[in-house]
Structure formats: C-alpha cells, structure tokens
Amino acid sequence: MAKVVAPSILSADFSCLGRQVAVLEAEGAQILHIDVMDGHFVPNISVGPLVVGALRCHSKLFFDVHLMIERPETYIDIFAREGADHITVHWESTKHIYRLIQQVKASGCQVGVALNPGTSFEVLDCVAGDLDMVLIMSVNPGFGGQDYIADMSAKIAKAARWRADNKAHYRIEVDGGINMDTAAVAAEAGADVVVAGAAIFGDGKPGEAWKRLQLTING
Ligand code: DX5
Ligand code: ZN
C-alpha cells in the first residue's frame, strides 16, 4: 500500500482555509488531518466541529480528526455528524479507552488511538487489534512547528512489529516534526501515514510541498 502524507490544517492560513484545502485536494492529497484542541488536554486551542462541517461542504477528502481534548466521549457524535470520516482519540484522555473505541465505531467513523511521546506502545495490547489507526505522536501535542523526537522511531517500529505478529490491520500514522528528512525516517521505521503541518503550509506553495513529501516517502 502506498504511503500517504496527510496535511495538518493547524499551520494553514485560516483566512482562506477552504482555498488552501482545495489546492491540496487538486494536487492529489487524500487525507486531511484536522487537529482539535481544547486548551485543557493540551495548552493550545484550535478548531471545533463547525470548521469540520464548513470544510465538509467543499471537500471530498478523507477527514482524519485528531481529538486532543478532555471528555472526548461528549463530542464523538458531533464530529461524526459534521462529516468526520475518522476520529482519533488519545489514550491519555480517558479511563475507558475500550468504551471510547466502541463509541467511535458506533458513530460510523473509523477509529484511531494516539499515544503521547511518554506513553509506550504496550498500553494498546488489548485493543490494537480493533483499531483502524495507531497514531504515534512524535512531538508533545499542542503546537505545530516542533522538532521530531528521534526516540519515537523505535515506537513506530514496535507498532509495525505488533501488527505483523498479531495479524492486525491498523495503519500507523506519525504526527509532529515531519519534514523532508524526518518523513523518510518515519516511513522507514514503518509509518503508513505521515502528518505534516508547518512543512506544507509554511511553504509558499503548499501543493508543491505536499507533492515533494509524498514522493520522498514513496521513493
Ligand atoms: C500537534 C498536532 C500536529 C501538528 C503537526 O499537536 O497534532 O498535527 O499540526 O505540525 P507540524 O507538522 O508542524 O509538526
Ligand atoms: Zn495531529
């Protein structure tokens, strides 16, 4: 399966968000990564269901919604209704990860679980077989433009090994600090999807930046 670069809108120009997303869609992007932050689970605040709904009216991209919020169970159905295709919840955001995974599935969305840099892959041992995606955070969540934490490559490799050993089917997504160098490192370690914010939207030409990264991880 081809590896995919998912643009994160966190670093986009929000004054013309629809247009920026349309450029990436026209270039061939398939997945749009939407970071939702509540100022509690992480120190930053970003976008909510209204933005997902607004973009949904103009885009056919696969919406990969990354919830960095407390009490995620309160918002699953709302994001599903607004047009999320996939919802990733943080393992650290709930005492009841199994129930939360089932709730996302019942909403009709695909489901992923994200792990902060300090959380080891082993916490997913009982549920990984149920997941569509495992998201390895390669920065501390909350902000774009941080540096890739090199130690996370070993966790990516562990997720790939567990999948092979257990005949699981989740995709491995890596999020944070992805640029031309680290995209190749993450892909080499086993990432199927790499998220990139600053590396795409920090460039004057997001479509071209996306294409360069896409070629790099499939090269
Ligand atoms: C960070 C977010 C990321 C962020 C990545 O908490 O989850 O999706 O947008 O941004 P870059 O690619 O700039 O590190
Ligand atoms: Zn993210």
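## Ligand 1 and its pocket

Of the 20 residues around ligand 1, those that come nearest are S8, D35, G142, D175 and G197, a residue being near if one of its heavy atoms lies within 4 Å. This is a predicted model, in which local features need pLDDT of at least 70, side-chain atom pairs count only at pLDDT 80 or more, and totals for chains, interfaces and linings use all residues. Residues are numbered from 1 along each chain as its sequence is written, chains are lettered from A and ligands numbered from 1 in the order written, and side-chain values use heavy atoms, with hydrogens and water left out.

The table lists polar contacts of ligand 1 (pairs of N or O atoms within 3.5 Å).

| Residue and its atom | Atom of ligand 1 | Distance |
|---|---|---|
| S8, side-chain N or O | oxygen | 2.7 Å |
| D35, side-chain N or O | oxygen | 2.7 Å |
| G145, backbone N or O | oxygen | 2.8 Å |

The protein covers 99% of the 380 Å² of accessible area that ligand 1 has on its own, by the Shrake-Rupley method with a 1.4 Å probe. Two or more residues of the shell come from each of β2 (31-37), β3 (62-68) and β8 (193-196), strands being DSSP runs of E with at least two residues and helices runs of H or I with at least four. The most come from β2, which gives three residues.

Ligand 1 takes up the space of the largest pocket, where a pocket is an open set of points on a 1 Å grid that a 1.4 Å probe fits, with protein on both sides within 12 Å along at least five of seven lines, and lining residues have an atom within 4 Å of a point. A molecule sits there if more than half of its atoms lie within 2 Å of the grid points. The lining comprises 28 residues, with F143, G144, G145, G176 and G177 nearest the centre of the pocket.

Definitions and conventions:
A polar contact is a pair of N or O atoms within 3.5 Å; within protein, one must be able to donate a hydrogen and the other to accept it, and residues adjacent in sequence count only if both atoms are side-chain atoms.
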